[in-house]
Protein chains: 2
Amino acid sequence: MSTKFSSALVERLSPYVPGEQRDGDNIVKLNTNENPYPPSPQVLRAIATVDGHALRRYPDPESLTLRKSLAEYHQLEVDEVFVGNGSDEILALAFMAFFTRKPSGAAALQFPELSYSFYPVYCDLLNIKSQMLPLNSDFSINMNAFDNNGGGIVFPNPNAPTSLAESAESIEALLKRVPDTLVLIDEAYVDFGAQSMVGFINQYPNLVVTQTFSKSRSLAGMRLGVAYANSSLIEAFSKVKNSFNSYPVDALAQQAGIASIQDQDYYLQTMEKIIATRNKTTDELKLRGFRVLDSAANFLFASPTKHNAAALFNYLNENNVLVRYWQSDLLKHWLRISIGTEEDMQLMLALIDEADEAAFV
Amino acid sequence: MSTKFSSALVERLSPYVPGEQRDGDNIVKLNTNENPYPPSPQVLRAIATVDGHALRRYPDPESLTLRKSLAEYHQLEVDEVFVGNGSDEILALAFMAFFTRKPSGAAALQFPELSYSFYPVYCDLLNIKSQMLPLNSDFSINMNAFDNNGGGIVFPNPNAPTSLAESAESIEALLKRVPDTLVLIDEAYVDFGAQSMVGFINQYPNLVVTQTFSKSRSLAGMRLGVAYANSSLIEAFSKVKNSFNSYPVDALAQQAGIASIQDQDYYLQTMEKIIATRNKTTDELKLRGFRVLDSAANFLFASPTKHNAAALFNYLNENNVLVRYWQSDLLKHWLRISIGTEEDMQLMLALIDEADEAAFV
């Protein structure tokens with residue numbers, strides 16, 4: 001499906017495929033790690049009361065008020081905070097700013113072989129040489145495998161789809177060991193139980209931390225991602241952003257972000273509920289013979305023993321419970337199950353019980 | 001301001017600088033070609049009634065309902081329509097999809113020397129060889145200067161900052177003359193008085209048309225841009241988008257776009273008001289000795305004869321009327337003045353009269 005007008009770049013791309021966004025009243029959607037709870041009522045109020053003049057005007061290209069509010073929240077300076085159109089855009093800009101091939105001596109960008117599957121896609125897009133490193137046998141990241149090669153290191157913490165977290169100590173040890181190599185910690189899921197490295201950005205000049213409002217803040221629909229780093233790294237982000245899109249974050253996303261940060265109580269309550277449901281679901285799945293890794297995220301990485309994973313995925317899917325399944329060698333025995341409401345998980349467990357009883361999967 | 005961690009790419013960038021977003025009750029903002037009127041009340045209603053579950057979920061990555069509504073509006077198929085996070089993102093993706101350098105034989109991307117100043121920035125970002133072609137002496141685009149070089153052609157119609165439109169006949173003649181070269185017509189301002197080429201996308205396989213909701217639809221704050229082309233070119237857009245950001249258009253922008261398209265009456269009334277104000281302001285400025293080009297856009301390209309343009313820009317700025325001024329050789333005698341409300345323009349004209357009387361500028 002190419003034309004004589006499309007660029008060589010288009011020919012070499014293998015795009016990322018997100019989880020299905022099937023919709024409907026009966027769908028239990030546990031396939032894209034969305035938050036099952038709506039955002040804070042303060043967010044909805046901020047959106048509902050926006051006036052037409054805020055929409056007819058361009059948004060603040062620097063998102064200054066939002067960045068100030070994030071800086072204050074993390075006790076940072078505003079020039080240590082960068083925002084973008086979702087964590088995916090933040091990552092794309094980071095790959096441009098830090099990992100594109102230097103004219104000479106192309107050291108590879110290193111990431112775990114199981115991690116966010118958008119990383120190799122960015123590498124294709126931007127012509128970045130990459131090296132995928134095997135995980136340890138317990139699915140944890142082999143931190144010793146990363147090399148101080150100058151090409152860069154990126155991994156999610158907690159990792160996806162494994163759900164496992166690295167400790168701050170382990171990451172600090174890495175940062176010290178690879179002083180010539182930029183380390184990007186993708187903290188999309190950090191709020192559900194891992195230690196954030198945001199507080200370390202001024203201690204380690206080679207550290208960039210990215211976060212998102214899509215998961216813990218229930219704002220996947222608004223597209224809002226954040227990067228934290230020392231001010232000179234943030235300036236590199238800005239330079240790339242201002243060469244790509246002056247206004248990536250719209251006026252409502254800025255307002256929604258500010259309102260979300262202000263409602264700390266709501267955020268903490270939501271985290272508490274999701275973590276409780278996660279831990280309970282982990283136990284329930286283990287009772288049903290699943291191997292489940294210790295999740296620090298809002299999803300479980302779970303391998304059924306009584307069922308074939310692919311068949312169970314299809315069975316759940318046919319019964320309107322969407323989870324995520326990949327056919328690759330490393331993943332074919334596993335499901336990634338997002339944490340929904342208590343009711344969502346009960347419904348999924350009941351379906352699994354039915355499958356167990358009838359032994360039809 | 002570079003660090004040892006920023007890429008070679010960052011070093012070579014000279015980012016685009018948008019017009020100042022100074023805010024306040026007394027500011028008359030005629031510097032970023034925003035629409036002076038708010039979006040349709042239907043748009044505000046669509047936004048105010050969004051529910052929390054639409055925000056906690058990822059938006060439709062394909063923006064299907066919005067694209068269907070745009071396809072219907074223009075009597076096209078849905079796979080001939082692509083949407084993105086503002087026209088700037090659309091242009092960036094188009095440059096990636098169609099203008100990035102082929103491995104061998106790097107033909108230059110051609111654009112007029114006066115046009116949207118983001119084009120050379122994208123070329124820097126993406127390492128695209130470019131060729132800027134001089135305008136005719138009357139500031140119109142020299143359509144004969146474009147070459148069938150295979151590298152690509154891009155220009156705004158109406159052009160910015162000149163405000164002049166090319167006719168559909170003239171663009172058709174170009175499309176026929178350069179069959180091996182992709183032609184991107186950037187129709188950001190087309191609704192204010194130029195002929196759109198959207199209806200020609202199936203006649204010319206080398207035609208891509210981009211538009212935006214930022215100007216005629218009063219939605220600059222929401223970031224919504226569109227591309228129209230034959231389905232195989234749209235597929236190239238999708239491939240790049242899905243290698244950059246799966247969900248560039250947020251849930252509210254999709255809803256706002258749909259609601260805006262539905263309210264055709266409001267749109268037509270707004271266009272009528274702005275065009276009437278534009279024509280009146282053109283006459284008033286000419287009465288005051290300005291040279292003003294025949295605008296087909298929502299801004300005027302105007303050169304004062306009684307005043308130095310830079311001094312007049314500063315004088316207006318100090319009096320809270322923001323217009324756009326560039327110091328380059330080609331532009332230093334000109335101002336770009338966005339069309340505001342009738343009152344906005346009267347206020348600007350009154351300030352110019354004061355300057356005339358006192359001869360202090």
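This is a short dialogue on reading a few features of a predicted model.

Me: What should I know about the conventions before starting?
Reply: The model is predicted, so local features need pLDDT of at least 70 and side-chain atom pairs count only at pLDDT 80 or more, while totals for chains, interfaces and linings use all residues. Residues are numbered from 1 along each chain as its sequence is written, chains are lettered from A and ligands numbered from 1 in the order in which they are written, and side-chain values use heavy atoms, with hydrogens and water left out.

Me: Happy with that. Which rotation superposes chain A on chain B?
Reply: In general, two copies of a chain are related by a rotation about an axis and a shift along it. Here the rotation is 180 degrees with 0.0 Å of shift, and the RMSD is 0.0 Å. That is the relation of a two-fold axis. The superposition is by least squares on the C-alpha atoms of residues with pLDDT of at least 70 in both copies. In chain A, the residue closest to the axis is A:Ala48, at 2.0 Å (C-alpha).

Me: Now the helices: at what angle do the axes of H5 and H8 of chain A cross?
Reply: Two packed helices are described by the angle between their axes and the distance between the axes. For H5 (residues 86–99) and H8 (residues 231–241) of chain A, the axes come within 9 Å and cross at roughly 105 degrees. H5(A) is therefore roughly perpendicular to H8(A), a label for angles of 65 to 115 degrees. Among the residues making the contact (heavy atoms within 4.5 Å) are A:Ile90 and A:Leu93 of H5(A) and A:Phe237 and A:Lys241 of H8(A). The contact residues divide into 10 nonpolar, no polar and one charged.

Me: Salt bridges next. How many does the structure hold over all chains?
Reply: Side chains of opposite charge can pair when their charged atoms come close. The cut-off is a side-chain nitrogen of Lys or Arg within 4 Å of a carboxyl oxygen of Asp or Glu. By that rule there are 16 over all chains. One of them joins A:Arg288 and A:Asp353 at 2.6 Å, N to O. These partners are 65 residues apart, with A:Asp353 in helix H12 of chain A. Together with A:Glu284, they are linked in a network of salt bridges.

Me: Is A:Arg288 buried or exposed?
Reply: Buried means under 20% relative accessible area, exposed over 50%, and partly exposed in between (1.4 Å probe, protein chains only). A:Arg288 is buried at 14%, whereas A:Asp353 is partly exposed at 24%.

Technical notes. Axes are lines fitted to C-alpha atoms, for helices over the stretch in contact, and angles run from 0 to 180 degrees between N-to-C directions. Helices (H or I, at least four residues) and strands (E, at least two) are DSSP runs, numbered from the N terminus. Angles under 35 degrees count as roughly parallel, over 145 as roughly antiparallel, 65 to 115 as roughly perpendicular and the rest as oblique. Ala, Val, Leu, Ile, Met, Phe, Trp, Tyr, Cys and Pro count as nonpolar, Asp, Glu, Lys and Arg as charged, and the others, Gly among them, as polar.
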